[in-house]
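Hi everyone, thanks for making room for me this morning. I'd like to walk you through a model, so let me put it on the screen.

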Amino acid sequence: MTTLLTINGATRRFGGLTAVDGVSTTVAKGELVGVIGPNGAGKTTLFNLISGFTPLSAGKVHFKGRRIDGQKPFRIARLGIGRTFQNLRIFPNMSVFDNVSVGAAGMLGVNAAGAVFGGKARSEAISRRAWAALEQVGLQGLAGELAANISYGRRKYLEIARALAMEPELIILDEPAAGLNDTETRELAAFIKRLHGDGMTVLLVEHDMGLVMGICERVVVLASGRKIADAAPEVVRKDAAVLEAYLGVEE
Amino acid sequence: MSDRLRPLLVVAAVLVLVLGVVPAVLGAFDRSYLYQVANLALIFVLLAASMHLVTGVAGLLQLGHAAFYGVGAYTAALLTTEAGLSFGWTLPLAGLGAAFVAVLVALPTMRLVSIYFAVATLGIGQMLYLVMLNWVPVTKGPNGILVTSGLTLFGYDLSRPASAYFVVAVVTLASLWVIHRLSHSYYGNALRSLREDDQCADAMGLDTVRLKIESFAVSGFFAGIAGALWAHTAGYISPADFSFPQSILILAMVVVGGLGSLPGAVIGALVLILLPEVLRPVGDFRNIIVGGVLFFSILLMPKGIIGEVSALDLVRRQLGGAWRGEGTKAGSEVGWR
Ligand SMILES: Nc1ncnc2c1ncn2[C@@H]1O[C@H](COP(=O)(O)OP(=O)(O)OP(=O)(O)O)[C@@H](O)[C@H]1O
Ligand SMILES: [Mg+2]
């Protein structure tokens, strides 16, 4: 298996607080890796370090053998990393289709002269990708709706579709099940599993232990910024340090 | 009606109206004042359309737009009066000059957000205005510049009111076509995504800073073009034409018409230029009426005369911006050319 993402001693300090503390791990092509940990463990910060939203205080991140830390988010995205956000960030005043098309446009390139004088090739390629992504999440019937007008659960899928329209090699999902009920969470788990089955490499942050343990091949556990476990779900489930972190057992 | 035919008919209708009906009516009355009003209306349509791109679509609140209009006007006026260049040169150079100044302004200010950006553009507008007012050796200061020549193209004199109107109309229509292609395409969607959430757009692979600077420059370019049209048709320019109240007037056109809506910007400009002219017989009281119309229209139609959503819908239907999805499923008629 080829390694897609390598995180090496990633550290991020916010003033006196070390949100991510020397975390190292790798993600191979085609893997489905879960990241769990209590509130404030540093999961989102780790994602922001990978996608370039937060600069590292120390450490390195490589993607496809290229060093990506220190690069701007849009450059990292163009290398093939799509992401979603913990607190759902869509473009509310744009249609569902237009939301998704932005993901495709960002990857295929956008320039003024091309839009004015260019032919249809670029826009058709963008439209094709956007449609494919919408069909993947089953939102094609709502393509013309304003994103703000669709239900919360569907907006979650819209955000994922927008990342999929980028046709990324790695997709990182920050708590996609947050705010969903049990049925919706089960559906989402099945969807992510299918996505992975189709060959997508997925890095998934989740609070919902059941979801992560149920579908991930490997689970990375963070607590207070440190990695305390990195193994298969059934191993992590019995890990003393993990139980301690989750049950709050004091030494 | 066939889907191929409809866009052609819409375009033909606009051309007949602007290049046929309006000049025929103007010709029937044949008063230079009416030509002047028609030119002014078209120039403000272009100004509103250019501000629509940066403020309505890209979401950058621009409070100094009139200054770029002024840069274009002064560039054209000085190139004509000092260097003897004709319209074929002054028009593009006015656009490029304004775009150049816009890029200079944009580089340091693009990282500012929302209200801070707006205040920065306010400051820039004010600075440029003061340059026009006080750089007397070049701009002639408050006395302004008389532009009596220059409206010639390939040796043809186009300065008669009727031909000048055609020049303004053709340049405005061509510019609107470009702005239409920009705002109603994947490019426009990319700009809209900056307005909605620029960090998020960044995560989609969009170079947000470059796009913002680009939209600012394009908007400045067309404001400059509008300036050249004004300089050559009004015959006289002075700093007051490009002061802060003018920026606010353009902003009002864009908002009343519908923020983010190109047809709205056009209609907003026509309303706010033509209404005061129509109301001329009632004297100074008309200003109060115009203010009242502004107030109530925004109260009753906060999204504008044609809001963004309906405008995009309209453009898609009338101009065939739709790219049909695979198959012909219901609701698949979305997407942009
Ligand atoms: N921009 C920031 N400035 C200061 N502190 C921050 C910043 N971002 C995160 N932190 C802190 O870093 C720590 C880790 O936060 P992070 O959001 O990464 O946790 P998390 O594991 O995603 O938590 P949750 O499960 O609540 O989403 C927290 O203590 C948080 O307060
Ligand atoms: Mg988090």
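Before the tour, one term: I'll say salt bridge when a side-chain nitrogen of Lys or Arg lies within 4 Å of a carboxyl oxygen of Asp or Glu. Please also keep in mind that this is a predicted model.

Here is a pair to try that rule on. B:Arg280 and B:Glu277 form a salt bridge, with their closest N and O atoms 3.0 Å apart. The two partners are not equally covered: B:Glu277 counts as buried, at 17% relative accessibility, while B:Arg280 is partly exposed, with a relative accessible area of 41%. The background is simple: side chains of opposite charge can pair when their charged atoms come close.

How many salt bridges are there over all chains? By this rule, the count is 16. Let me show you a few of them.

Over in chain A, the side chains of A:Lys64 and A:Glu169 meet at 2.6 Å, N to O, in a salt bridge. That pair joins distant parts of the chain, 105 residues apart: A:Lys64 sits in the loop between β4 and β5 of chain A, and A:Glu169 in the loop between α6 and β7 of chain A. A:Lys64 is partly exposed, at 38% relative accessible area, and A:Glu169 is also counted as partly exposed, at 25%.

Now compare a pair in chain B. B:Arg192 and B:Glu308 make a salt bridge through their side chains, at 2.5 Å from N to O. This one links helix α8 of chain B, which holds B:Arg192, to helix α13 of chain B, which holds B:Glu308, and the two residues are 116 apart along the chain. Are these two buried or exposed? B:Arg192 is buried, because its relative accessibility is 1%, and B:Glu308 is buried too, with 11%.

Chain A also has a salt-bridge network, and its members are A:Glu31, A:Arg218, A:Lys227 and A:Asp230.

While we are at α13 of chain B, have a look at B:Leu314, which is placed in that helix. B:Leu314 is partly exposed, with a relative accessible area of 33%. Its C-alpha atom is 21 Å from that of B:Leu300, 14 residues away along the chain.

Let's turn to where the chains meet. The size of an interface is often given as the accessible area lost when the parts come together. For chain B and chain A, the buried area is about 3,600 Å², and carbon and sulfur atoms give 63% of that. The contact involves 45 residues of chain A and 39 residues of chain B.

What about polar links across it? Between chain B and chain A there are 11 residue pairs in polar contact, both residues being at pLDDT 80 or more. On the chain B side, α7, α8, α9 and α13 each supply at least two of the residues that touch chain A. Which helix gives the largest share? That is α8 of chain B, with 14 residues. By type, the chain B residues touching chain A come to 16 nonpolar, 14 charged and 9 polar.

The count of salt bridges between chain B and chain A is 1. You can find it where the side chains of B:Asp197 and A:Arg89 meet, at 2.8 Å from N to O.

B:Glu196 is worth a zoom as well. This residue belongs to helix α8 of chain B, and its side chain reaches the backbone nitrogen of A:Asn93 at 2.8 Å. Beyond its sequence neighbours within four places, B:Glu196 is in contact with A:Phe91, A:Pro92, A:Asn93 and A:Met94. B:Glu196 counts as buried because its relative accessible area is 17%, and the cut-off for buried is under 20%.

My last stop is helix α5 of chain A, residues 121–137. With 17 residues at 1.5 Å a residue, this helix should span 24 Å, and its end C-alpha atoms are 25 Å apart, so the two agree. Several of its residues are buried, including A:Ile126, A:Ala130, A:Trp131, A:Leu134 and A:Val137. What covers them? The cover for the buried residues of α5 in chain A includes α3, α6 and α7 of chain A, together with α8 of chain B. Right after the helix comes A:Gly138, with a positive phi near 75°.

That's my tour, and I'm happy to go back to any of these spots.

How values were computed:
Residues are numbered from 1 along each chain as its sequence is written. Chains are lettered from A and ligands numbered from 1 in the order in which they are written. This is a predicted model: local features need pLDDT of at least 70, side-chain atom pairs count only at pLDDT 80 or more; totals for chains, interfaces and linings use all residues. Side-chain values use heavy atoms; hydrogens and water are left out. Contact means heavy atoms within 4.5 Å. Buried area is the accessible area (1.4 Å probe) that two parts lose on being put together, summed over both. A polar contact is a pair of N or O atoms within 3.5 Å; within protein, one must be able to donate a hydrogen and the other to accept it, and residues adjacent in sequence count only if both atoms are side-chain atoms. Helices (H or I, at least four residues) and strands (E, at least two) are DSSP runs, numbered from the N terminus. Ala, Val, Leu, Ile, Met, Phe, Trp, Tyr, Cys and Pro count as nonpolar, Asp, Glu, Lys and Arg as charged, and the others, Gly among them, as polar. Buried means under 20% relative accessible area, exposed over 50%, partly exposed in between (1.4 Å probe, protein chains only). The expected span of a helix is 1.5 Å times one less than its number of residues.
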